[in-house]
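Dear colleague,

I am passing on the structure we spoke about, and it is shown just below. My notes on it follow, and I would be glad if you read them with the coordinates open.

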Amino acid sequence: MTSNCRRPEHTAPPELFYNEVEAKKYSQNSRMIEIQTQMSERAVELLNLPEGQPCFLLDVGCGSGLSGDFLSEEGHYWVGVDISTAMLDVALDREVEGDLLVGDMGHGMPFRAGTFDGCISISALQWLCNADKRSHSPPKRLYTFFSTLYSSLSRGSRAIFQLYPENSEQLELITTQAMRAGFGGGMVVDYPNSSKAKKFFLCLFAGVTGSLPKGLGTETSDRAVSNQVQYSGQRCRFKGMKGKSAKKGRDWILEKKERRRRQGREVRSDTKYTARQRKPHF
């Protein structure tokens with residue numbers, strides 16, 4: 001992990017960087033939508049929610065509501081918090097199903113104790129590591145956020161943060177403040193040996209500490225030192241993909257259809273043609 005001068009958080013504060021132009025990109029760029037949906041799906045998977053049971057979730061840094069769309073698709077109810085009014089305006093125009101709230105993560109989460117069954121956050125947490133004002137102290141803002149989030153979660157629930165850490169020191173700062181606030185857990189890394197597919201997920205436990213979920217594509221990382229980022233290999237059928245997206249494969253589609261059947265939704269029957277790729281037409 002090395003510093004990159006093009007990182008958005010180095011350009012401007014989030015409420016300024018995510019203006020009307022940037023907000024429109026998130027709602028119109030098909031590639032952006034696909035990536036956001038994939039990361040939201042992985043975050044919900046790491047939440048380990050009860051199967052077939054609607055939950056009340058918090059989406060921190062919800063932006064234009066792309067991650068919220070996935071939560072709604074899975075049958076969950078949600079509240080989104082974001083500091084950018086331009087992004088929230090796009091979410092309102094898109095008529096997302098969740099409730100929306102303008103708020104700064106560093107000021108804490110203004111919710112009653114035990115309100116939510118879980119929390120996700122996509123590409124937002126690293127912004128708290130920057131001091132955009134003279135009064136900003138990243139460690140204090142992180143601790144304020146994590147401590148108020150811990151209070152707002154029901155005991156035994158999880159909070160999953162997909163983030164883009166700038167370096168190992170930033171990762172240590174984030175995890176240290178989360179543990180100080182009472183959380184258990186640690187970092188889960190998907191495809192650690194791939195420069196493009198590598199994704200960081202901070203998996204936090206509120207109250208009851210469980211075993212840390214396994215990272216995808218980590219079959220060659222068993223020799224990692226135990227006090228470093230924890231790697232492992234869950235979902236064995238995807239081991240041979242070497243960083244490629246598992247979405248849209250036959251296993252993924254069959255699993256998705258079965259999950260929807262359990263939720264009582266109408267799903268087409270499985271056939272030998274399910275998930276078969278068609279040849280290109282010229």
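Are Arg42 and Asp190 buried or exposed? Both residues are buried, and I should say at once that they are seen here in a predicted model. Their side chains meet in a salt bridge with an N to O distance of 2.8 Å, and this pair links distant parts of the chain, since Arg42 belongs to helix α3 while Asp190 belongs to strand β6 (residues 184-190), 148 residues apart. Glu45 also takes part, in that Arg42, Glu45 and Asp190 are linked in a network of salt bridges.

The count of salt bridges comes to six, and two others among them deserve a description. The side chains of Arg141 and Asp104 meet at 3.1 Å, N to O; because Arg141 lies in helix α6 and Asp104 in the loop between β3 (99-102) and β4, this salt bridge ties together parts that are 37 residues apart in sequence. Both Arg141 and Asp104 are buried. Within helix α3 (residues 30-47), Arg31 and Glu34 are three residues apart and therefore separated by about one helical turn, and their side chains form a salt bridge at 3.4 Å, N to O. Glu34 has a relative accessible area of 38%, so it counts as partly exposed.

Turning to charge on the surface, Glu20, Asp89, Asp93 and Glu95 form a negative patch. One of these, Asp89, is found in helix α5 (residues 85-93), and its relative accessibility of 43% is why it counts as partly exposed.

Strand β5 (residues 153-163) contains Ser157, and Leu153 lies in strand β5 as well. Leu153 is buried, with a relative accessible area of 0%, and its C-alpha atom is separated by 7.9 Å from that of Cys119, 34 residues apart along the chain. Ser157 has 5% relative accessibility and so counts as buried, and a polar atom of its side chain lies 2.5 Å from the backbone oxygen of Ser154.

Finally, Cys129 sits in the loop between β4 (116-122) and α6 (138-152), and with 13% relative accessibility Cys129 counts as buried, because the cut-off for that class is under 20%. The C-alpha atoms of Cys129 and Ile174 are separated by 7.9 Å, although the two residues are 45 residues apart along the chain.

With best regards

Definitions and conventions: Residues numbered from 1 in each chain as written. Predicted model: local features only at pLDDT ≥ 70, side-chain atom pairs only at ≥ 80, totals over all residues. Heavy atoms only, no water. Patch = residues over 30% accessible without salt bridge, like charges linked within 9 Å, V, L, I, M, F, W, Y side chains within 5 Å. Areas by Shrake-Rupley, 256 points an atom, 1.4 Å probe, with all protein chains shown as cover. Salt bridge = Lys/Arg side-chain N within 4 Å of Asp/Glu carboxyl O. Lys, Arg positive; Asp, Glu negative; His and termini not counted. Charge placed at Lys NZ, Arg CZ, Asp CG, Glu CD. Helix = DSSP H or I, 4+ residues; strand = E, 2+ residues; numbered from the N terminus. Buried < 20%, exposed > 50% of the residue type's maximum accessible area, 1.4 Å probe, protein only. Polar contact = N/O pair within 3.5 Å; in protein donor to acceptor, adjacent residues only side chain to side chain.
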